[in-house]
Amino acid sequence: MDESADVCVRGVKTESIINKTKKMKRKLRNSVLRSQLLLLLILPLLQFALILDSVFAVELKIRRINPIQFGYSKLKKPNQLPYSRVATGNKNIKIAWFGGATDRYKHGILGDTWEASQLLVETTQGNQLTFNLPYNRVFEDLEPRLVDLNGDKKDEVIVIESDINLGASLALYSIKSGQLKAIASTPFLGHPNRWLNPVGVGDFDGNGQPDIALVATPHIGGILRLYRFSDSGFRLFAEYTGVSTHKIGSMDLGLGRVVESNPKDLLILPNQSHNVLMLLEWTQTGIKQIAKVELYGRLRSSLLLVKRHHWRFQLDNDDFYELSLKE
């Protein structure tokens, strides 16, 4: 091949390389543009997901107030468990209470050795119904909780039921065919003298259905547990450790509270030392602490709701305070 032909071939090859390089640059540029466009489309969705998984910024505040009187129900019924309280309802159950005092379970977590062997209700039609526990069980509780969990416009009764050998469980009772019956329960804690305390009912996951919050072993590590309820029973869906709702020997069971909020309900609970109140939120990645406030002593009393997002309480130094949630 002569020199001119060789130069011509090299020129064709060079031009081909240049064209390929230009094509590669165009493909790379188009790929970058597509990636940028995809990111612009995905970013708002990611931001929206993050919003759904959290609430607006909130703050807990406390202020000292004048002494107040903590009032409980003054209703009394024959054979009522000493120091227990009568609960009132507004559906098919008018009132509910514990009776049949017994000392067959010697735990004494609520200040004495007497526990209830009976759950009693009076219906809005005036009928009195009684459920008697077997000898190895007691209601280790002071006040039944009346709530409509399944949306049937009828009351269910939430109680703490303890087994002499297996400790406590949360049990649900309802009126079926004119009789008071147990319809669901959480597993027993597995050891005698292990107790739990219900916090309350709320829509903690924002799905429009009521859930139940309880604290297992509030004096030993304190595990917040959230349960969903259906016809098949209770199903655990979240846990959070290091909380409490009760002081050993106390008859105050309301040291933690459900906070009505939108788009989902929250929880206020003290830490294990009872000197910090925490605001907790369920999220897709677990229960998160979103606010807290340190107390000027240890929490002694229940949190008494006085109006929306305002509670009053007493510390162990005898001072009274009001807690408020600021959104």
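In which loop does N193 lie? In this predicted model, N193 belongs to the loop between β10 (179-185) and β11. The residue is partly exposed, with a relative accessible area of 36%; this value falls between the limits of 20% for buried and 50% for exposed residues. When neighbours within four places in sequence are set aside, the contacts of N193 are with Y105, K106 and H107. A further approach concerns G167, which is 26 residues from N193 along the chain. The C-alpha atoms of N193 and G167 are separated by 5.5 Å.

The overall composition of the chain is considered next. The protein chain comprises one helix and 21 strands. Of its 327 residues, 44% are buried. Among contacts with a separation of 6 or more, 50% are made by residues 24 or more positions apart.

Strand β4 (residues 115-123) was examined together with its partners. Nine of the nine residues of β4 are buried, and the strand is therefore largely enclosed by the rest of the structure. On the side of strand β3 (residues 93-102), eight bridges join β3 to β4, and the two strands run antiparallel. One of the pairs involved places A96 opposite its bridge partner V121 in β4. Strand β5 (residues 128-132) is likewise a partner of β4, through five bridges in an antiparallel arrangement. Here Q118 has N132 of β5 as its bridge partner. The connection between β4 and β5 is a hairpin with four residues between the strands. Within this turn, G126 adopts a positive phi of about 95 degrees.

Two open sheets are described in turn. In one, four strands follow the order β1-β21-β20-β19, with antiparallel pairing. The edges of this sheet are formed by β1 (59-65) and β19, each of which pairs on one side only. On average, neighbouring strands of this sheet are turned by 30 degrees against each other, direction ignored. Strand β20 (residues 310-314) is joined to strand β21 (residues 320-326) by five bridges, and these strands run antiparallel. In this pairing, H310 stands opposite S324 of β21.

The other open sheet has four strands in the order β15-β16-β17-β18, again with antiparallel pairing. Strands β15 and β18 (286-294) stand at the edges with a single partner strand each, so that one side of each is left without a neighbour in the sheet. The average turn between neighbouring strands of this sheet is 30 degrees, direction ignored. Three bridges link β15 to strand β16 (residues 266-270), and the two run antiparallel. V258 stands opposite L267 of β16.

The open space in the model was analysed by pocket. Rolling a probe the size of a water molecule over the atoms shows where empty space is left. The largest pocket holds about 1,300 Å³ of space. It is lined by 44 residues, and those closest to its centre are R145, V199, G200, V201 and R257. Five strands each supply at least two residues of this lining, namely β2 (87-88), β7 (145-147), β11 (196-202), β15 (257-259) and β19 (304-307). The greatest share comes from β11, which gives six residues to the lining of the largest pocket. By residue class, the lining of the largest pocket divides into 19 nonpolar, 15 polar and 10 charged residues.

The second largest pocket contains about 170 Å³ of space. Its lining consists of 14 residues, and R228, F229, S230, D231 and G233 lie nearest the centre. Strands β13 (223-230) and β14 (233-241) each supply at least two residues of the lining of the second largest pocket. The lining of the second largest pocket divides into four nonpolar, six polar and four charged residues.

The strands described above recur in the pocket linings. β15, an edge strand of the sheet β15-β16-β17-β18, supplies at least two residues of the lining of the largest pocket. β19, an edge strand of the sheet β1-β21-β20-β19, also supplies at least two residues of the lining of the largest pocket. The loop that holds N193 lies between β10 and β11, and β11 gives the most to the lining of the largest pocket.

Terms used. Residues are numbered from 1 along each chain as its sequence is written. This is a predicted model: local features need pLDDT of at least 70, side-chain atom pairs count only at pLDDT 80 or more; totals for chains, interfaces and linings use all residues. Side-chain values use heavy atoms; hydrogens and water are left out. On a 1 Å grid over the protein atoms alone, a cavity is a set of points where a 1.4 Å probe fits but cannot get out, and a pocket is an open set with protein on both sides within 12 Å along at least five of seven lines; lining residues have an atom within 4 Å of a point. Grid points are joined across faces, edges and corners, and a volume is the space filled by probe spheres set on the points. Ala, Val, Leu, Ile, Met, Phe, Trp, Tyr, Cys and Pro count as nonpolar, Asp, Glu, Lys and Arg as charged, and the others, Gly among them, as polar. Buried means under 20% relative accessible area, exposed over 50%, partly exposed in between (1.4 Å probe, protein chains only). Two strands pair if DSSP finds at least two bridges between them. Axes are lines fitted to C-alpha atoms, for helices over the stretch in contact, and angles run from 0 to 180 degrees between N-to-C directions. Contact means heavy atoms within 4.5 Å.
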